[in-house]
Amino acid sequence: MDIYLGVDVGSITVKFAALDASDILVAGLYMPAEGRPVEAVQRGLAELKRQLPSNVAIQGVAATGSARYLAGAVLGADLVKNEITCQAVAALRAVPGACTIIEIGGQDSKLIIIRDGQVADFSMNTVCAAGTGSFLDHQAARLRMSIGELSRRALLSKGEVSISGRCTVFAESDMVHKQQMGHNVDDIIYGLCRTLARNYLSDTGSGKEIKPPIVFQGGVAFNAGIKKALEEEIKMPVIIPPHHEIMGAIGAALLVHESAGSAKSHLAKKECKFRGFGVSELEYKTTSFACRSCSASCEIVKVAEGGRTAACWGGQCDMWEGRETEFTGAPGTGEKK
């Protein structure tokens, strides 16, 4: 069985999607990164191997997300792509004709505008996390309940409680005040959902034309209260596609499949760079240093395995890009051979 693998490594979670030759999802994973993206990728790869049939042949691997270069170095990715493109590709596959993508993750959020099947514009949250999943996580912990219970109870709200505040600190203060006043907890919870929706639209969605069909993706789409609040704010229906939590990984897998198909159309077939499922047992080390080759002083990130430098990135030029670079001088000298 030929498999195309997409990996989306974000700030809070790591997502895997394995598609077959017909682009059907064969296996998927959504797991916490726990602040250790390399170890999370390795754990996910080991779990994915258990889910897949024994006769699989990985024909292409793509990495996306905020730690996409790190994941690409660990796995041996054939393609490293930004999350905007991957989210858009997956959304258009799930909802043909989609015009707007709302993607809310753990610490960042995105609004992607699609026109005529192409990304026409996008925006990401700026300095505040009040329009992201961490906002809800923090308030759920304050109320001593799970995110699942928070979602369920948001839909039980019968009244209207406004939670003010453009950040988690002010929102928590107002939430405590509303509790002390005796407001119903379910109403307070839905008030939090409305606050997140308003913060998202006023920050990430500021100045953007939101047109249907509207697709809601990311882990926060599990929360039915947020979907309801968004629909109330924009006064349009919101579609939550299947596997919404791993759409970035699905998009990456679709793109690497397309790339592999293009390569096959040439006489020389491009070989997959995947390093194998055995990389889940290797030991990796990441370090960083400032390149002194010019006045830019770029901060370079290096990932090494067994004394070998697997990859470097982070420079404004391509001096340090590429795999298996050997360093001859002390870190920061900029010496390379």
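**Exercise 1. Which residues is Glu 103 in contact with, leaving aside its neighbours within four places in sequence?** Also state where Glu 103 sits and whether it is buried or exposed.

Solution. The structure is a predicted model.
- Step 1: locate the residue. Glu 103 lies in strand β6.
- Step 2: list the contacts. Once neighbours within four places in sequence are set aside, Glu 103 touches Gln 87, Ser 109, Lys 110, Tyr 200, Gln 217 and Gly 218.
- Step 3: judge the accessibility. The relative accessibility of Glu 103 is 7%. Buried means under 20%, so Glu 103 counts as buried.

**Exercise 2. Describe the sheet that contains β6, and find its edge strands.**

Solution.
- Step 1: write down the order. The sheet is open and has 5 strands, in the order β8-β7-β6-β9-β10, with mixed pairing.
- Step 2: find the edges. β8 (118–124) and β10 (238–239) each have a single partner strand, so one side of each has no neighbour in the sheet.
- Step 3: examine one pair. β6 (residues 100–104) and β7 (residues 109–115) are antiparallel partners, joined over 5 bridges. Within this sheet, Ile 102 is placed opposite Leu 111 in β7.
- Step 4: add the helix. Helix α3 (residues 83–94) lies across β6, β7, β8 and β9 (214–217), and runs at about 60° to β7.

**Exercise 3. Describe the sheet with the order β3-β2-β1-β4-β5 in the way used above.**

Solution.
- Step 1: the sheet is open, with 5 strands and mixed pairing.
- Step 2: β3 (25–32) and β5 (79–80) are at the edges; each has a single partner strand, so one side of each is without a neighbour in the sheet.
- Step 3: β2 (residues 13–19) pairs with β3 in the antiparallel sense over 7 bridges. Ala 17 has Gly 28 in β3 as its bridge partner.
- Step 4: helix α1 (residues 37–51) packs on the sheet and touches β1 (2–9), β2 and β3. The direction of α1 makes about 145° with that of β3.

**Exercise 4. Determine how helices α5 and α7 are arranged relative to each other, and which residues meet.**

Solution.
- Step 1: recall what is needed. Two packed helices are described by the angle and the distance between their axes.
- Step 2: read the values. The axes of α5 (residues 147–154) and α7 (residues 185–203) come within 8 Å and cross at roughly 100°.
- Step 3: classify the angle. Angles of 65 to 115 degrees count as roughly perpendicular, and α5 and α7 are therefore roughly perpendicular to each other.
- Step 4: list the residues. From α5, Leu 150, Arg 153 and Ala 154 meet Val 185, Asp 186, Ile 189, Tyr 190 and Cys 193 of α7.
- Step 5: sort them by class. The contact of α5 with α7 has 6 nonpolar, no polar and 2 charged residues.

**Exercise 5. Where is Cys 317, and how far is Cys 317 from Ala 296 in sequence and in space?**

Solution.
- Step 1: Cys 317 is in the loop between β13 (308–313) and β14 (322–323).
- Step 2: its relative accessible area is 47%, and Cys 317 is partly exposed.
- Step 3: Cys 317 and Ala 296 are 21 residues apart in sequence, and their C-alpha atoms are 9.9 Å apart.

**Exercise 6. Summarise the protein chain and the confidence of the model.**

Solution.
- Step 1: the protein chain has 9 helices and 14 strands. Of its 337 residues, 48% count as buried.
- Step 2: the average pLDDT is 85, and 89% of the residues score at least 70. Over residues 323–337, however, the pLDDT is below 50.

Methods
Residues are numbered from 1 along each chain as its sequence is written. This is a predicted model: local features need pLDDT of at least 70, side-chain atom pairs count only at pLDDT 80 or more; totals for chains, interfaces and linings use all residues. Side-chain values use heavy atoms; hydrogens and water are left out. Axes are lines fitted to C-alpha atoms, for helices over the stretch in contact, and angles run from 0 to 180 degrees between N-to-C directions. Helices (H or I, at least four residues) and strands (E, at least two) are DSSP runs, numbered from the N terminus. Angles under 35 degrees count as roughly parallel, over 145 as roughly antiparallel, 65 to 115 as roughly perpendicular and the rest as oblique. Contact means heavy atoms within 4.5 Å. Ala, Val, Leu, Ile, Met, Phe, Trp, Tyr, Cys and Pro count as nonpolar, Asp, Glu, Lys and Arg as charged, and the others, Gly among them, as polar. Two strands pair if DSSP finds at least two bridges between them. pLDDT is the predictor's confidence in each residue, from 0 to 100. Buried means under 20% relative accessible area, exposed over 50%, partly exposed in between (1.4 Å probe, protein chains only).
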